[in-house]
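Q: I am new to this structure and would like a close look at a single part of it. Please keep the sentences short.

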Amino acid sequence: MGKKKLTEQQKKQQRRKKQARRRRRRKILIFVELVILLVLGVGVYAASKWDLLNVNPIDRENVMMNEEVAGNKELKAYTNIALFGIDSRDESLGDGNRSDTIMVASINNKTKEIKMVSVYRDTYLLIPKEDSTYDKANLGYFYGGPELAINELNRNLDLDITDYVSVNFSALIDTIDALGGIDIEITEKECFYINGYMTETAVITGKEKVELYESGLVHLNGMQATAFCRIRYVPTVNGTNDDYGRTERQRVVISKIAEKAKEADLATLNKVVDEVLPNISTSLTAGEILGLLSGIAKYELVDSAGFPFEKVGMGMGSKGDCVVPVDLEYNVEELHRFLFGAEDYTVSGVVKEISDRIIEVSGQKHTKVETDGVN
(Lines give C-alpha, C1' and ligand atoms only; values in the text may rest on other atoms or scores of the structure.)
Protein backbone atom coordinates (compact mmCIF):
# COMPACT_ATOMS: atom_id res chain seq x y z
CA MET A 1 0.00 0.00 0.00
CA GLY A 2 1.31 3.45 -0.87
CA LYS A 3 0.09 6.98 -1.24
CA LYS A 4 -1.77 7.68 -4.45
CA LYS A 5 0.40 9.43 -7.05
CA LEU A 6 -1.25 11.98 -9.27
CA THR A 7 -0.82 11.83 -13.02
CA GLU A 8 0.43 14.93 -14.86
CA GLN A 9 -3.10 15.51 -16.16
CA GLN A 10 -4.54 15.37 -12.62
CA LYS A 11 -1.88 17.80 -11.43
CA LYS A 12 -2.76 20.19 -14.26
CA GLN A 13 -6.46 19.92 -13.38
CA GLN A 14 -5.69 20.74 -9.75
CA ARG A 15 -3.62 23.75 -10.77
CA ARG A 16 -6.40 25.01 -13.05
CA LYS A 17 -8.97 24.68 -10.24
CA LYS A 18 -6.72 26.62 -7.85
CA GLN A 19 -6.14 29.35 -10.45
CA ALA A 20 -9.90 29.64 -11.07
CA ARG A 21 -10.59 30.05 -7.34
CA ARG A 22 -7.93 32.71 -7.10
CA ARG A 23 -9.34 34.67 -10.07
CA ARG A 24 -12.79 34.70 -8.44
CA ARG A 25 -11.35 36.04 -5.19
CA ARG A 26 -9.08 38.71 -6.64
CA LYS A 27 -12.01 41.12 -6.81
CA ILE A 28 -12.53 40.89 -3.05
CA LEU A 29 -10.80 43.50 -0.89
CA ILE A 30 -9.23 41.87 2.16
CA PHE A 31 -10.02 43.15 5.62
CA VAL A 32 -6.52 44.38 6.40
CA GLU A 33 -6.42 46.41 3.18
CA LEU A 34 -9.82 47.86 4.01
CA VAL A 35 -8.71 48.82 7.51
CA ILE A 36 -5.56 50.48 6.21
CA LEU A 37 -7.37 52.27 3.39
CA LEU A 38 -10.49 53.42 5.22
CA VAL A 39 -9.57 53.51 8.87
CA LEU A 40 -5.88 54.26 8.95
CA GLY A 41 -6.14 56.84 6.21
CA VAL A 42 -6.22 57.56 2.51
CA GLY A 43 -2.71 58.05 1.17
CA VAL A 44 -0.59 60.88 2.53
CA TYR A 45 -3.80 62.65 3.63
CA ALA A 46 -4.02 60.21 6.54
CA ALA A 47 -0.87 61.68 8.10
CA SER A 48 -2.95 64.52 9.52
CA LYS A 49 -5.18 62.04 11.35
CA TRP A 50 -2.65 60.07 13.42
CA ASP A 51 -3.61 61.87 16.63
CA LEU A 52 -7.05 60.21 16.44
CA LEU A 53 -5.57 56.71 16.33
CA ASN A 54 -5.00 54.56 19.43
CA VAL A 55 -1.45 53.29 18.86
CA ASN A 56 -0.57 50.67 21.47
CA PRO A 57 2.74 49.00 20.57
CA ILE A 58 3.38 45.42 21.63
CA ASP A 59 6.46 44.82 23.76
CA ARG A 60 8.41 42.59 21.36
CA GLU A 61 10.23 40.99 24.31
CA ASN A 62 6.90 39.61 25.51
CA VAL A 63 5.96 38.13 22.13
CA MET A 64 6.13 34.33 22.20
CA MET A 65 7.38 32.43 19.15
CA ASN A 66 8.12 28.76 18.99
CA GLU A 67 11.87 28.18 18.62
CA GLU A 68 11.63 26.56 15.19
CA VAL A 69 9.49 29.47 13.94
CA ALA A 70 11.83 32.24 15.13
CA GLY A 71 14.54 30.86 12.83
CA ASN A 72 12.29 30.01 9.87
CA LYS A 73 13.65 31.86 6.81
CA GLU A 74 10.54 31.15 4.72
CA LEU A 75 8.33 33.08 7.14
CA LYS A 76 10.58 36.15 6.82
CA ALA A 77 9.18 36.62 3.32
CA TYR A 78 5.73 37.37 4.77
CA THR A 79 4.18 39.99 7.05
CA ASN A 80 1.55 38.42 9.28
CA ILE A 81 -0.91 40.68 11.10
CA ALA A 82 -3.58 39.67 13.61
CA LEU A 83 -7.01 41.27 13.18
CA PHE A 84 -9.50 41.29 16.04
CA GLY A 85 -13.16 42.30 16.11
CA ILE A 86 -13.91 42.99 19.77
CA ASP A 87 -17.15 42.18 21.57
CA SER A 88 -16.73 45.34 23.65
CA ARG A 89 -19.38 46.35 26.20
CA ASP A 90 -17.86 49.84 26.42
CA GLU A 91 -15.30 51.80 24.43
CA SER A 92 -12.33 49.73 25.62
CA LEU A 93 -10.24 47.71 23.18
CA GLY A 94 -7.99 45.87 25.63
CA ASP A 95 -8.28 42.83 27.88
CA GLY A 96 -11.61 42.02 29.47
CA ASN A 97 -13.19 41.83 26.00
CA ARG A 98 -13.68 38.67 23.95
CA SER A 99 -12.57 38.66 20.33
CA ASP A 100 -15.71 37.90 18.33
CA THR A 101 -13.58 37.88 15.19
CA ILE A 102 -10.04 36.47 14.95
CA MET A 103 -8.25 36.73 11.62
CA VAL A 104 -4.70 36.38 10.36
CA ALA A 105 -3.78 38.41 7.27
CA SER A 106 -0.60 37.14 5.62
CA ILE A 107 1.06 39.49 3.12
CA ASN A 108 3.66 38.22 0.67
CA ASN A 109 6.23 41.02 0.90
CA LYS A 110 7.45 40.49 -2.67
CA THR A 111 4.23 39.89 -4.64
CA LYS A 112 1.84 41.84 -2.31
CA GLU A 113 -0.55 38.89 -2.51
CA ILE A 114 -2.61 38.46 0.65
CA LYS A 115 -4.20 35.39 2.13
CA MET A 116 -6.63 35.54 5.02
CA VAL A 117 -7.54 32.92 7.60
CA SER A 118 -10.45 33.22 10.04
CA VAL A 119 -9.80 31.33 13.28
CA TYR A 120 -13.15 30.16 14.62
CA ARG A 121 -13.59 31.88 17.96
CA ASP A 122 -14.66 28.66 19.74
CA THR A 123 -11.59 26.71 18.58
CA TYR A 124 -10.17 24.67 21.46
CA LEU A 125 -6.55 25.85 21.89
CA LEU A 126 -3.86 26.50 24.47
CA ILE A 127 -4.18 29.92 26.15
CA PRO A 128 -0.51 30.59 27.03
CA LYS A 129 -1.03 32.83 30.03
CA GLU A 130 0.91 32.52 33.29
CA ASP A 131 -1.35 29.71 34.46
CA SER A 132 -1.79 28.18 31.00
CA THR A 133 -5.09 26.51 30.20
CA TYR A 134 -6.99 25.04 27.25
CA ASP A 135 -10.13 26.91 26.27
CA LYS A 136 -11.93 28.72 23.46
CA ALA A 137 -9.67 30.86 21.27
CA ASN A 138 -11.56 34.11 21.95
CA LEU A 139 -10.58 34.00 25.63
CA GLY A 140 -6.95 34.80 24.84
CA TYR A 141 -7.90 38.41 24.18
CA PHE A 142 -10.17 38.43 27.25
CA TYR A 143 -7.40 37.36 29.62
CA GLY A 144 -4.54 39.40 28.18
CA GLY A 145 -5.65 41.69 25.38
CA PRO A 146 -3.92 41.70 21.97
CA GLU A 147 -0.55 40.64 23.40
CA LEU A 148 -1.84 37.35 24.81
CA ALA A 149 -4.08 36.83 21.76
CA ILE A 150 -1.03 37.17 19.49
CA ASN A 151 0.95 34.76 21.67
CA GLU A 152 -1.95 32.30 21.46
CA LEU A 153 -1.88 32.40 17.66
CA ASN A 154 1.91 32.10 17.54
CA ARG A 155 2.10 29.20 20.00
CA ASN A 156 -0.75 27.13 18.56
CA LEU A 157 -0.22 27.84 14.86
CA ASP A 158 3.57 28.21 14.51
CA LEU A 159 3.31 31.86 13.42
CA ASP A 160 5.52 34.93 13.93
CA ILE A 161 2.92 37.67 14.45
CA THR A 162 4.07 40.85 16.22
CA ASP A 163 1.39 43.34 15.13
CA TYR A 164 -2.38 43.65 15.35
CA VAL A 165 -5.39 45.82 14.53
CA SER A 166 -8.46 45.74 16.81
CA VAL A 167 -11.87 47.26 16.11
CA ASN A 168 -15.07 47.35 18.16
CA PHE A 169 -18.76 47.38 17.22
CA SER A 170 -18.86 51.16 16.94
CA ALA A 171 -16.10 51.20 14.33
CA LEU A 172 -18.01 48.81 12.08
CA ILE A 173 -21.32 50.62 12.57
CA ASP A 174 -19.82 54.05 11.89
CA THR A 175 -17.97 52.84 8.77
CA ILE A 176 -21.12 51.37 7.21
CA ASP A 177 -23.27 54.39 8.11
CA ALA A 178 -20.71 56.82 6.73
CA LEU A 179 -20.74 54.88 3.45
CA GLY A 180 -24.54 55.04 3.27
CA GLY A 181 -25.31 51.41 4.24
CA ILE A 182 -24.86 48.16 2.33
CA ASP A 183 -27.14 45.74 0.44
CA ILE A 184 -27.14 42.12 1.67
CA GLU A 185 -29.25 39.05 0.89
CA ILE A 186 -30.85 37.80 4.13
CA THR A 187 -33.36 35.12 5.10
CA GLU A 188 -36.47 35.55 7.29
CA LYS A 189 -34.73 33.83 10.20
CA GLU A 190 -31.71 36.08 9.83
CA CYS A 191 -34.05 39.09 9.90
CA PHE A 192 -35.46 37.86 13.22
CA TYR A 193 -32.00 37.48 14.77
CA ILE A 194 -30.80 40.82 13.42
CA ASN A 195 -33.56 42.51 15.45
CA GLY A 196 -32.59 40.48 18.50
CA TYR A 197 -28.89 41.25 18.31
CA MET A 198 -29.60 44.94 17.67
CA THR A 199 -31.22 45.21 21.10
CA GLU A 200 -27.97 44.27 22.83
CA THR A 201 -25.78 46.18 20.37
CA ALA A 202 -27.82 49.35 20.94
CA VAL A 203 -27.21 49.07 24.69
CA ILE A 204 -23.49 48.48 24.16
CA THR A 205 -22.94 51.33 21.68
CA GLY A 206 -25.66 53.79 22.65
CA LYS A 207 -26.70 53.96 19.00
CA GLU A 208 -30.26 53.90 17.63
CA LYS A 209 -31.95 50.61 16.76
CA VAL A 210 -34.14 50.52 13.63
CA GLU A 211 -36.25 47.34 13.40
CA LEU A 212 -36.02 45.27 10.22
CA TYR A 213 -39.16 43.71 8.70
CA GLU A 214 -38.09 42.28 5.35
CA SER A 215 -35.95 39.53 3.86
CA GLY A 216 -34.33 39.07 0.46
CA LEU A 217 -31.92 41.72 -0.82
CA VAL A 218 -32.15 44.33 1.93
CA HIS A 219 -30.41 47.68 2.48
CA LEU A 220 -28.85 47.53 5.96
CA ASN A 221 -27.58 50.40 8.07
CA GLY A 222 -24.52 50.05 10.29
CA MET A 223 -26.39 48.72 13.33
CA GLN A 224 -28.30 46.14 11.28
CA ALA A 225 -25.22 44.95 9.39
CA THR A 226 -23.24 44.60 12.62
CA ALA A 227 -26.05 42.53 14.14
CA PHE A 228 -26.04 40.40 10.96
CA CYS A 229 -22.31 39.70 11.53
CA ARG A 230 -23.05 38.25 14.96
CA ILE A 231 -25.65 35.63 13.97
CA ARG A 232 -24.65 32.04 14.65
CA TYR A 233 -27.92 30.21 15.37
CA VAL A 234 -29.37 29.89 11.86
CA PRO A 235 -27.90 28.90 8.47
CA THR A 236 -26.69 31.53 6.04
CA VAL A 237 -28.27 31.81 2.59
CA ASN A 238 -25.61 29.28 1.56
CA GLY A 239 -26.64 26.87 4.33
CA THR A 240 -23.59 27.43 6.57
CA ASN A 241 -24.38 27.25 10.28
CA ASP A 242 -22.89 27.91 13.74
CA ASP A 243 -19.61 29.81 14.11
CA TYR A 244 -18.72 28.90 10.52
CA GLY A 245 -21.81 30.80 9.38
CA ARG A 246 -20.85 33.78 11.51
CA THR A 247 -17.45 34.08 9.85
CA GLU A 248 -19.10 33.71 6.42
CA ARG A 249 -21.42 36.62 7.26
CA GLN A 250 -18.49 38.71 8.42
CA ARG A 251 -16.73 38.18 5.11
CA VAL A 252 -19.87 39.13 3.21
CA VAL A 253 -20.11 42.41 5.13
CA ILE A 254 -16.41 43.15 4.60
CA SER A 255 -16.72 42.64 0.85
CA LYS A 256 -19.83 44.86 0.70
CA ILE A 257 -18.05 47.63 2.62
CA ALA A 258 -15.15 47.36 0.17
CA GLU A 259 -17.50 47.76 -2.79
CA LYS A 260 -19.01 50.94 -1.31
CA ALA A 261 -15.59 52.30 -0.32
CA LYS A 262 -14.31 52.00 -3.88
CA GLU A 263 -17.22 54.19 -5.03
CA ALA A 264 -16.91 56.75 -2.22
CA ASP A 265 -15.56 60.27 -2.73
CA LEU A 266 -12.84 61.85 -0.59
CA ALA A 267 -15.33 63.69 1.62
CA THR A 268 -17.04 60.41 2.52
CA LEU A 269 -13.74 58.68 3.22
CA ASN A 270 -12.71 61.66 5.34
CA LYS A 271 -15.87 61.21 7.41
CA VAL A 272 -15.12 57.52 7.86
CA VAL A 273 -11.60 58.24 9.06
CA ASP A 274 -12.72 60.94 11.52
CA GLU A 275 -15.49 58.84 13.08
CA VAL A 276 -13.83 55.45 13.10
CA LEU A 277 -10.21 56.03 14.14
CA PRO A 278 -11.06 56.52 17.84
CA ASN A 279 -12.56 53.01 17.82
CA ILE A 280 -9.40 51.38 16.46
CA SER A 281 -6.40 50.11 18.38
CA THR A 282 -3.21 48.98 16.66
CA SER A 283 0.45 48.27 17.31
CA LEU A 284 1.40 49.66 13.90
CA THR A 285 3.19 53.00 14.01
CA ALA A 286 2.53 55.86 11.60
CA GLY A 287 5.70 54.97 9.69
CA GLU A 288 4.71 51.32 9.34
CA ILE A 289 1.22 52.23 8.20
CA LEU A 290 2.53 54.69 5.60
CA GLY A 291 4.91 51.98 4.43
CA LEU A 292 1.97 49.68 3.81
CA LEU A 293 -0.01 52.49 2.20
CA SER A 294 2.78 53.16 -0.28
CA GLY A 295 2.08 49.86 -2.01
CA ILE A 296 -1.63 49.50 -1.35
CA ALA A 297 -2.59 49.59 -5.03
CA LYS A 298 -0.59 46.38 -5.53
CA TYR A 299 -2.32 44.36 -2.81
CA GLU A 300 -4.81 41.69 -3.81
CA LEU A 301 -6.55 38.89 -1.97
CA VAL A 302 -5.74 35.59 -3.63
CA ASP A 303 -7.38 33.20 -1.16
CA SER A 304 -9.18 32.94 2.18
CA ALA A 305 -10.15 30.10 4.49
CA GLY A 306 -11.40 29.15 7.95
CA PHE A 307 -9.28 27.44 10.62
CA PRO A 308 -9.25 24.64 11.59
CA PHE A 309 -9.70 23.04 8.18
CA GLU A 310 -10.59 19.63 9.66
CA LYS A 311 -12.70 19.97 12.77
CA VAL A 312 -15.53 18.62 14.88
CA GLY A 313 -17.94 20.42 17.21
CA MET A 314 -18.15 18.77 20.61
CA GLY A 315 -18.64 19.47 24.31
CA MET A 316 -15.40 19.91 26.25
CA GLY A 317 -16.68 19.64 29.81
CA SER A 318 -16.70 22.93 31.69
CA LYS A 319 -15.43 24.73 28.57
CA GLY A 320 -18.75 24.11 26.81
CA ASP A 321 -19.20 23.41 23.11
CA CYS A 322 -15.96 23.92 21.21
CA VAL A 323 -14.54 23.58 17.71
CA VAL A 324 -11.93 20.84 18.10
CA PRO A 325 -9.10 20.60 15.51
CA VAL A 326 -8.79 17.09 14.08
CA ASP A 327 -5.98 17.20 14.88
CA LEU A 328 -3.99 20.38 15.55
CA GLU A 329 -0.74 19.03 14.09
CA TYR A 330 -2.45 18.15 10.80
CA ASN A 331 -4.30 21.49 10.67
CA VAL A 332 -1.14 23.53 11.27
CA GLU A 333 0.58 21.64 8.46
CA GLU A 334 -2.35 22.53 6.21
CA LEU A 335 -2.26 26.15 7.41
CA HIS A 336 1.39 26.56 6.42
CA ARG A 337 0.70 24.91 3.08
CA PHE A 338 -2.19 27.33 2.51
CA LEU A 339 -0.49 30.54 3.66
CA PHE A 340 3.12 29.98 2.68
CA GLY A 341 3.12 27.16 0.13
CA ALA A 342 5.07 24.90 2.51
CA GLU A 343 4.32 21.45 1.05
CA ASP A 344 6.31 19.42 3.60
CA TYR A 345 5.98 21.52 6.75
CA THR A 346 6.89 19.87 10.04
CA VAL A 347 5.28 21.43 13.11
CA SER A 348 7.32 22.62 16.06
CA GLY A 349 7.72 20.61 19.22
CA VAL A 350 5.35 23.02 21.00
CA VAL A 351 2.54 22.47 18.47
CA LYS A 352 3.13 18.70 18.60
CA GLU A 353 2.78 18.79 22.40
CA ILE A 354 -0.40 20.92 22.24
CA SER A 355 -1.84 18.66 19.56
CA ASP A 356 -1.16 15.50 21.60
CA ARG A 357 -2.85 17.07 24.62
CA ILE A 358 -5.97 17.99 22.62
CA ILE A 359 -6.10 14.45 21.19
CA GLU A 360 -5.82 13.04 24.70
CA VAL A 361 -8.78 15.00 26.08
CA SER A 362 -10.97 14.96 22.96
CA GLY A 363 -10.21 11.57 21.44
CA GLN A 364 -10.08 13.25 18.01
CA LYS A 365 -7.09 12.34 15.82
CA HIS A 366 -6.63 12.86 12.11
CA THR A 367 -6.24 9.66 10.10
CA LYS A 368 -4.17 9.91 6.95
CA VAL A 369 -5.75 7.78 4.23
CA GLU A 370 -3.40 5.49 2.38
CA THR A 371 -4.42 4.35 -1.12
CA ASP A 372 -2.94 2.14 -3.81
CA GLY A 373 -0.38 3.87 -5.98
CA VAL A 374 -1.22 4.86 -9.55
CA ASN A 375 1.36 4.39 -12.30
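Which hand does the crossing of helix 5 and helix 9 have, right-handed or left-handed? Please show me what surrounds that part too.

A: The crossing of helix 5 and helix 9 is right-handed. Keep in mind that this is a predicted model.

Start with the pair itself. Helix 9 covers residues 266–276. Helix 5 covers residues 169–178. The two helices pack at an angle of about 165 degrees. Their axes lie 9 Å apart. Angles over 145 degrees count as roughly antiparallel. Helix 5 and helix 9 are therefore roughly antiparallel to each other.

Now the residues that meet. Helix 5 brings Ala171, Asp174, Thr175 and Ala178 to the contact. Helix 9 brings Thr268, Lys271, Val272, Glu275 and Val276. By class, this contact has four nonpolar, two polar and three charged residues.

Next, the sheet. Seven strands form an open sheet, and their pairing is mixed. The strand order is 1-10-7-2-3-4-11. At the edges are strand 1 (54–55) and strand 11 (300–307), each of which pairs on one side only. Helix 5 packs on this sheet. There, helix 5 touches strand 2, strand 3, strand 7 (163–168) and strand 10 (280–282). The direction of helix 5 makes about 70 degrees with that of strand 7.

Two of the strands touched by helix 5 are strand 2 and strand 3. Strand 2 spans residues 78–87, and strand 3 spans residues 98–108. They pair in the antiparallel sense over 10 bridges. One pair of bridge partners is Phe84 and Ile102, the latter in strand 3.

Another helix meets strand 2 and strand 3 as well. Helix 11 (residues 328–340) lies across both, and also across strand 4 (113–119) and strand 11. Helix 11 runs at about 175 degrees to strand 11.

Last, a hairpin. Strand 5 (residues 124–127) and strand 6 (residues 133–136) run antiparallel, joined by four bridges. Leu125 has Asp135 in strand 6 as its bridge partner. Five residues link strand 5 to strand 6 in this hairpin. Lys129 sits in the loop between the two strands. The Lys129 side chain makes a polar contact with the side chain of Asp131, at 2.9 Å. Leaving aside residues up to four places away in sequence, Lys129 touches Tyr143 and Leu148.

To return to your question: helix 5 and helix 9 make a right-handed crossing, and helix 5 also packs on the sheet.

How values were computed:
Residues numbered from 1 in each chain as written. Predicted model: local features only at pLDDT ≥ 70, side-chain atom pairs only at ≥ 80, totals over all residues. Heavy atoms only, no water. Pairing = 2+ DSSP bridges. Contact = heavy atoms within 4.5 Å. Axes fitted to C-alpha atoms, helices over the stretch in contact; angles between N-to-C directions. Parallel < 35°, antiparallel > 145°, perpendicular 65-115°, else oblique. Left-handed = near helix turned anticlockwise from the far one by under 90°. Nonpolar A, V, L, I, M, F, W, Y, C, P; charged D, E, K, R; others polar. Polar contact = N/O pair within 3.5 Å; in protein donor to acceptor, adjacent residues only side chain to side chain.
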